[in-house]
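This report reads a protein model from its helices outwards to its core, its paired strands and two of its loops. The sequence and the structure come first, and the description follows them.

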Amino acid sequence: MRVSGLPREKVAELSSWLAERIEELIEERWGERVELVEVRVDVSEEWPHVVKAEVNVRLRYPQKGMGEELDRILEVAFREFMRKASEEGLEPVG
């Protein structure tokens, strides 16, 4: 996602919130089955800033369709991120 309108430091702060929210949504979805959650959110140095998330999830019991569910979780998290960020003055680009 490409964004502008805020300094990189503020985007980075909001990205930390995004990482926490992604982990929260994963825990809500799979609960005790989650063995490992790794979430990395990067913000590019150049303008407009690019916000990218990488997620690694390991469940105790593999589940068919997990990739699609994880995609939905990321969509929800990024929508919430944009809503929260737009309140701060952030705008999506492109």
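Helix α1 has 23 residues, which at 1.5 Å a residue should span 33 Å, and the distance of 33 Å between its end C-alpha atoms agrees with this. The model is a predicted one, and the values below are computed from it.

In the second helix, α2, the 23 residues should likewise span 33 Å at 1.5 Å a residue, and its end C-alpha atoms are indeed 33 Å apart. The protein has two helices and four strands, and along the sequence these follow the pattern β-α-β-β-α-β. The table sets out the residues that are buried in each helix and the glycine that comes after it.

| Helix | Buried residues | Glycine after the helix, with its phi |
|---|---|---|
| α1 | Val11, Leu14, Ser15, Leu18, Ala19, Arg21, Ile22, Leu25, Ile26, Trp30 | Gly31, positive, near 50° |
| α2 | Met66, Glu69, Leu70, Ile73, Leu74, Ala77, Phe78, Glu80, Phe81, Met82, Ala85 | Gly89, positive, about 110° |

An α-helix has 3.6 residues a turn, so residues three or four places apart point the same way. In α1, the buried residues include Val11, Leu14, Leu18, Ile22 and Ile26, while those of α2 include Leu70, Ile73, Ala77 and Phe81.

**The core**

In soluble globular proteins, nonpolar side chains tend to be buried together. In this model, the largest nonpolar core has 24 residues, and those with the most contacts inside it are Leu18, Ile26, Trp30, Val51 and Phe81. At least two residues of this core come from each of α1 (8-30), β2 (34-43), β3 (49-59) and α2 (66-88), with α2 supplying the largest share, nine residues. When neighbours within four places in sequence are left aside, Ile26 is in contact with Gly31, Val34, Val37, Val55, Val57, Leu70 and Ile73. For the protein as a whole, 37% of the 94 residues count as buried. Among contacts with a separation of 6 or more, 67% are accounted for by residues 24 or more positions apart. The protein exposes about 6,000 Å², of which carbon and sulfur atoms supply 46%.

**The paired strands and two loops**

Strands β2 and β3 pair in the antiparallel sense over nine bridges, and a hairpin joins them through five residues. Within this pairing, Val34 stands opposite Leu59 in β3.

Ser44 is found in the loop between β2 and β3, and because its relative accessibility is 14%, under the 20% cut-off, Ser44 counts as buried. A polar atom of the Ser44 side chain lies 2.8 Å from the backbone nitrogen of Val50. Apart from neighbours within four places in sequence, Ser44 is in contact with Arg8, His49 and Val50.

Tyr61 has its place in the loop between β3 and α2, and since its relative accessible area is 57%, over the 50% cut-off, Tyr61 is exposed. The C-alpha atoms of Tyr61 and Arg33 are separated by 6.7 Å, although these two residues are 28 residues apart along the chain.

How values were computed: Residues are numbered from 1 along each chain as its sequence is written. This is a predicted model: local features need pLDDT of at least 70, side-chain atom pairs count only at pLDDT 80 or more; totals for chains, interfaces and linings use all residues. Side-chain values use heavy atoms; hydrogens and water are left out. A nonpolar core is a set of buried Ala, Val, Leu, Ile, Met, Phe, Trp, Tyr and Cys residues joined through side-chain atoms within 4.5 Å. Buried means under 20% relative accessible area, exposed over 50%, partly exposed in between (1.4 Å probe, protein chains only). Contact means heavy atoms within 4.5 Å. Two strands pair if DSSP finds at least two bridges between them. The expected span of a helix is 1.5 Å times one less than its number of residues. Accessible areas come from the Shrake-Rupley method with a 1.4 Å probe; for residues, only the protein chains shown count as cover. A polar contact is a pair of N or O atoms within 3.5 Å; within protein, one must be able to donate a hydrogen and the other to accept it, and residues adjacent in sequence count only if both atoms are side-chain atoms.
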